[in-house]
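Please open the model in a viewer and keep the sequence panel at hand. The tour below proceeds by selection, with a note on what each selection contains.

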Amino acid sequence: MTLSNDFLTCRFDDAGKLLSVSHGALRLPFDGFAFDLGCQEQSVNGLLEYESMLEFRTWNLPDIRPTGKRFSRTPKSIAQAKDQLTVTYGLEQLDVAVSYVLMPTALKIDLRILNTSAAPLYLNACAFLLSLAQTEGVVFDFPGNAPIYHCESTLLENRKPVQTGLINFATHTSLPGGDMNLLFLDKIEKWGCGVYRDDDRTTYVYNAGLEIDLKAQESCCVGSLYLTPCIPAEDGNPYLQIRDLVASLGYAPTTQGIHDGVMYSCHPSGTMDAGFPLKDDLYQYAEYLPKLKSMGIDHVWLLPVFDHNENGVYHSNDQSVIDQRYGGEEGCKYYCDKAHDLGMTILFDYVPHGPAPEFPVARDNPEWPSKRRDGSLQDEWECVSMDYNHPGYQEYTAELVHDHVRRFGVDGARIDCAMGGLSNWRPYGDNRPSGNSVLAGVHITEAIRNGFLRGGKPSFILPENFNLIPNYYHCTDLFYGMNLYRAFVELESLLKTDPAQYAALLTDFLERESWITPEDYHKMRFLGNHDTVSWVWQSKRAVDCYGVGGAKALFALISLIDGVPMIYQGDEDPTIYGGTTENLTDFFTRLFADRKHFLPRGSNLTTYLHTGTPVMAFFREPQEVPAADYQTEGSGRVLVLINLSDTPQPVPAQAQSCSVLADSAGAAQADADLAPFAYRLLQVV
């Protein structure tokens, strides 16, 4: 059996098993597509070990644990139309229909699960498994995700998956005859992703975190898998094909909001890693705003200042009330007004997951908090887990934000736990329990965004969504760039031991990230935040991880690539958190001034160079705007060089014909060696 169009030819055997996908001279051999899912707490096909998700926390992703068993079911029926082949498998209590659908440049694979029994069935996870019938020459990577490396299938330990640390929608593979992209998109739940070698096969797995009691004779669908072959010499950059396919599916970033400038994250009581020692109110803390302004800060992200109990600032009792510890409503208004007078914007940090169960928002609205299977309250961090899909809670949240705009003029929001909450086994309407994940995260982000739009503010939304997935494009002004931070964590030890390799790997990561994301999708860049300096990942400051010199170089990097750099309170002055290293206020003042004065405005376009040395190099490219709008002279194209080592380094050949715009070590010649941990901006003539 064959499905074919002008781009693809897909061949199947008589039992509906996928054998190959061909594009031009490129033929991808497959040993079939398979699926597995949990039903009544057992794996229906035994391809993956069963894993209960009932005690999952918000950060848990479905695991991938291959058993070594291979898919061997005989189909119940096969139906073929012009551009679609549907293979239906009859299980003991389920029918699973696998649909192969030809798109202009991709093969789409969908699953529909039908409960054929007379009683509800508890379904838990649903995995898509696609096996490439070769390992030799197969090199795969997860662009924009962790792990950041290119992995060779032949070097993998048998049936030991390489799994992504974050939700992963795209997997790229290079092969001797071309390339292959796999994309998985699920509008409802989060998913795990991994690849493993299974003897002579390379198996790709996307494991959706489905949770549902599927009613008798009812069906559900779970995500879609897209396969795109590419011959680079004919089709161009295979990573750009990922971006193009996503755009063709209708995912586009919002472009009307605020997405430029420099951000500072802080709290009037001080820093989380020091235990909030300052105890200032917002009247007192407002006196620090002029110093931030003079340093070049445009946006201040205030950690929560709402009424809270002794468990901490992220345990808000009532977000409509500004805590008296911070000056109450009057103190908050004073702080916001002073920031606005200085031309700065203020972001509140909203905590939509919910308060402790005894507080009015949860107690008086019993239909809003999520429930376990037995009907008891879901809880996390000693708080309820709200169902972000409930329209009543969405409206409450939107109006809460709108009220803050009216009262204080707040400009934007960082949104805690924006990837959704815990599964709700008493969901609103037709939602399924696992819908309180990605779908709900998008909904609460939209609700908070709507609160600002109601108040006449431009959108300025920073959801705490670590995952570079298209679902959030339309409602996110700044992507929470945890993926780059994860790359820094993976590479940390290399900065001192092999800075050339560090620069090569980081350049490769950033280049692939830029290729797969829309050019107008903006990212927040950081070396640490309140979480990472205090209790997760590195659990310390950048200067303690990399030394002061290394930290300066990386601070320069996050400030000079595309996106909005964010520094956390105390990064400029270590005495704020009890540190004793160098005060970096002057360093940041110059860095942010160089960024604002010399880099092309309003453009994410970045072209990376592979230097083979510890010097990271990239061009910041202007968008197609009139030359009068450039802040720099000439073409507006700027070459950025950053030395990631503690020794002087020669500059790449591309710098020879440039003129120096700025050099952190004071060098005036474009071709002069770059000082240790220094940066240089060059005008391309």
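How many bridges join strand β11 to strand β14, and do these strands run parallel or antiparallel? Select residues 139-141 for β11 and residues 170-175 for β14: three bridges join the two strands, and their course is antiparallel. Within this pairing, display Asp-141, whose bridge partner in β14 is His-172.

**The helix on the sheet**

Next, select residues 238-248, which form helix α2. This helix packs on the sheet and touches β11, β14, β15 (178-185) and β18. The direction of α2 makes about 30 degrees with that of β15.

**The whole sheet**

Now extend the selection to the full sheet, in this predicted model an open one of nine strands. The strands follow the order β6-β7-β8-β9-β18-β15-β14-β11-β12, with antiparallel pairing. At the edges, select β6 (77-80) and β12 (151-152); each of these strands pairs on one side only.

**The largest pocket**

Turn next to the largest pocket, with a volume of about 1200 Å³. Which residues lie closest to its centre? Select Trp-381, Asp-416, Glu-464, Asp-531 and Trp-535, which are the closest of the 49 lining residues. Then add β16 (191-198) and α9 (482-491), each of which supplies at least two residues of the lining of the largest pocket. Coloured by class, the lining of this pocket shows 20 nonpolar, 18 polar and eleven charged residues.

**The second largest pocket**

The second largest pocket holds about 410 Å³ of space. To find its centre, select Ile-212, Asp-213, Asp-430, Asn-431 and Arg-432, the closest to that point among the 17 residues that line this pocket. Strands β17 (201-214) and β18 (219-230) each contribute at least two residues to the lining of the second largest pocket. Which element gives the most to this lining? Strand β17 does, with three residues. By class, the lining of the second largest pocket comprises eight nonpolar, four polar and five charged residues. Strand β18 also belongs to the sheet visited above, where it stands between β9 and β15 in the order.

**Confidence**

Finally, colour the protein chain by pLDDT. The chain averages 96, and 98% of the residues score at least 70. Then select residues 625-634, over which the pLDDT is below 50. Beyond near neighbours in sequence, this stretch has 17 contacts in the model.

Notes: Residues numbered from 1 in each chain as written. Predicted model: local features only at pLDDT ≥ 70, side-chain atom pairs only at ≥ 80, totals over all residues. Heavy atoms only, no water. 1 Å grid on protein atoms, 1.4 Å probe; cavity = no way out; pocket = protein on both sides within 12 Å on 5 of 7 lines; lining within 4 Å. Points joined across faces, edges and corners; volume = space filled by probe spheres on them. Helix = DSSP H or I, 4+ residues; strand = E, 2+ residues; numbered from the N terminus. Nonpolar A, V, L, I, M, F, W, Y, C, P; charged D, E, K, R; others polar. pLDDT = per-residue confidence, 0-100. Contact = heavy atoms within 4.5 Å. Pairing = 2+ DSSP bridges. Axes fitted to C-alpha atoms, helices over the stretch in contact; angles between N-to-C directions.
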